[in-house]
Structure formats: structure tokens, C-alpha cells
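The following note is intended for a colleague who has not yet examined this structure. Its points are numbered so that each may be checked separately against the model.

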Amino acid sequence: MVTPLDGLPEIGAPATRALAEAGYDSLRQLAGVPHAELASLHGMGPKALRLIAQALDEYGLALG
């Protein structure tokens, strides 16, 4: 069964590419990842980070 945790939220193409290049392809994988680590990815902006944090929060998860 596929859940929203198995995909990524709608964060924009540059941020999605940045996550893919770093080996992340699901919201579940981002739980516990340090905010600074994601922020350092080329293409990852403040809006994308906020959307990821909000999506994780919906499931009781958070960035590290």
C-alpha cells in the first residue's frame, strides 16, 4: 500500500532534483535528516524546507 510518506511533497522541480541527487525519494527518508544538511543542497530553498517540515509534521515526524 502506497502512502504519502512514500513520495515527496509538491516542493518544486529544483528541490525535488536536489533530493533525488542526494538519494532521497520519499518523505519517510527525510525524517530525522538535519535541516542544515538539506539546506546545503543546491536547489533546496527555504520554501521547500518549510513544505517538507510541514509534511513531516502531519505524520508526527520532523527533520533532525
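1. The side chains of R28 and D6 form a salt bridge, with a nitrogen-to-oxygen distance of 2.9 Å. R28 belongs to helix α2 and D6 to the segment before α1, so this pair ties together parts that are 22 residues apart in sequence. The structure shown is a predicted model, and a search of the whole of it finds one salt bridge.

2. Are the two partners buried or exposed? R28 is partly exposed, its relative accessible area being 44%. D6 is likewise counted as partly exposed, at 33% relative accessibility. In general terms, side chains of opposite charge can pair when their charged atoms come close.

3. The segment that contains D6 also meets S26, a residue in the loop between α1 (13–21) and α2 (27–30). Setting aside neighbours within four places in sequence, S26 is in contact with L5, D6, G7 and L8. The C-alpha atoms of S26 and G7 are 4.3 Å apart in space, although the two residues are 19 apart in sequence. S26 counts as buried because its relative accessibility is 8%, and the cut-off for buried is under 20%.

4. L8 is also touched by T16, a residue of helix α1. When residues up to four places away in sequence are not counted, T16 touches L8 and I11. The side chain of T16 reaches the backbone oxygen of G12 at 2.8 Å. With 30% relative accessibility, T16 counts as partly exposed. The C-alpha atoms of T16 and L56 are separated by 16 Å, and these residues lie 40 apart along the chain.

5. Attention may now turn to the nonpolar interior. The largest nonpolar core has 16 residues, and those with the most contacts inside it are L19, L27, L30, L38, M44 and I52. Helices α1, α2 and α4 (46–57) are the elements that give two or more residues to this core. The largest share, five residues, comes from α4. As a general tendency in soluble globular proteins, nonpolar side chains are buried together.

6. Which residues does M44 touch, not counting residues up to four places away in sequence? They are A15, A18, L19, L38, A39, L49 and I52. Among these, L19, L38 and I52 are listed, as is M44, with the residues that have the most contacts inside the core.

Technical notes. Residues are numbered from 1 along each chain as its sequence is written. This is a predicted model: local features need pLDDT of at least 70, side-chain atom pairs count only at pLDDT 80 or more; totals for chains, interfaces and linings use all residues. Side-chain values use heavy atoms; hydrogens and water are left out. Helices (H or I, at least four residues) and strands (E, at least two) are DSSP runs, numbered from the N terminus. Buried means under 20% relative accessible area, exposed over 50%, partly exposed in between (1.4 Å probe, protein chains only). Contact means heavy atoms within 4.5 Å. A nonpolar core is a set of buried Ala, Val, Leu, Ile, Met, Phe, Trp, Tyr and Cys residues joined through side-chain atoms within 4.5 Å. A salt bridge is a side-chain nitrogen of Lys or Arg within 4 Å of a carboxyl oxygen of Asp or Glu. A polar contact is a pair of N or O atoms within 3.5 Å; within protein, one must be able to donate a hydrogen and the other to accept it, and residues adjacent in sequence count only if both atoms are side-chain atoms.
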